[in-house]
Amino acid sequence: MYNFKDTYNRLIEEASKYQCLRSVGLDEKSDIVPMTTADMDFKLADEIGKEIKKYVDSHVLGYSRMTQEYLDVCLAYYKKNYNYEPKRDSIVTIPGIVTALSTAVGAYTKEHDKVIIFTPVYPPFYEVVEI
């Protein structure tokens, strides 16, 4: 069972989401817990921690490229879910959602074009459009 009762005080770690709270006058006495993307105040679930440790203990960490198996899974997913068969060489990896969005905005828009952003949204998405 996952523990959602015990939290960590991320203020002392200078977590960026708490820096944002400070910028609007809130401090550690506030009862507001910002629930931002990929940033939690709860302990990592034991099962996840064990699997991460197992992986780290049994692998060399570094930069890897897409494997044939990865490409095959991607192609099968598109075929099954969208009845679409992309070319194998059109599948690329991008290190994160902000980088992917930045790449897409750069590829499909020109300077002074308008971009719709549906809110609420992860704040860096605004920065990608404004650059």
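Guide: Helices here are DSSP runs of H or I with at least four residues, strands are runs of E with at least two, and both are numbered from the N terminus. By that rule the chain has five helices and zero strands. What you see is a predicted model, where local features need pLDDT of at least 70, side-chain atom pairs count only at pLDDT 80 or more, and totals for chains, interfaces and linings use all residues. Residues are numbered from 1 along each chain as its sequence is written, and side-chain values use heavy atoms, with hydrogens and water left out.

Visitor: In what order do the elements of the chain run?

Guide: Going from the N terminus, they read α-α-α-α-α.

Visitor: How do you know how the chain compares with a compact globule?

Guide: Take the radius of gyration over C-alpha atoms and set it against 2.2 Å times the number of residues to the power 0.38. For 131 residues a compact globule would come out near 14 Å, but the chain has 20 Å. Along the principal axes, the C-alpha atoms fill a box of roughly 55 × 50 × 30 Å.

Visitor: What makes a residue count as buried, and what percentage of the chain does?

Guide: Buried means under 20% relative accessible area, exposed means over 50%, and partly exposed is in between, with a 1.4 Å probe and protein chains only. Of the 131 residues, 15% make the buried class.

Visitor: Why is Tyr77 called partly exposed?

Guide: Its relative accessible area is 43%, so it falls between the two cut-offs. Tyr78, at 36%, is partly exposed too.

Visitor: What makes Tyr77 and Tyr78 an edge-to-face pair?

Guide: Rings of Phe, Tyr and Trp (its six-membered ring) pair if their centres lie within 6.5 Å; planes under 30 degrees apart are stacked, over 60 edge-to-face, and the rest tilted. Tyr77 and Tyr78 sit 6.0 Å centre to centre with 85° between the planes, so they pass on both counts. Tyr122 and Phe125 are edge-to-face as well, at 5.6 Å and 85°. Tyr122 itself is partly exposed, at 32%. The structure holds six aromatic pairs, and ring pairs link Tyr77, Tyr78, Tyr82 and Tyr84 into a cluster.

Visitor: Which residues does Asp6 touch beyond its sequence neighbours?

Guide: Contact means heavy atoms within 4.5 Å. Leaving out residues up to four places away, Asp6 touches Asp41, Phe42 and Lys43. Asp6 is in the segment before α1 (16-23), and from Phe42 it is 36 residues away in sequence but 6.6 Å in space, C-alpha to C-alpha.

Visitor: Is Phe4 buried or exposed, and how do you know?

Guide: Phe4 has 56% relative accessibility, which is over the 50% cut-off, so it counts as exposed. Phe4 also lies in the segment before α1. Its C-alpha is 19 Å from that of Lys50, 46 residues along in sequence.

Visitor: What is notable about the phi of Asn83?

Guide: Phi of Asn83 is about 50°, a positive value although the residue is not a glycine. Asn83 lies in the loop between α3 (68-82) and α4, and at 61% it is exposed. His112 also has a positive phi, near 75°, without being glycine. His112 is in the loop between α4 and α5, and is exposed at 70%.

Visitor: Why is the Thr119 to Pro120 bond called cis?

Guide: The omega of that peptide bond is about 0°. Pro120 is in the loop between α4 (97-108) and α5 (124-130).
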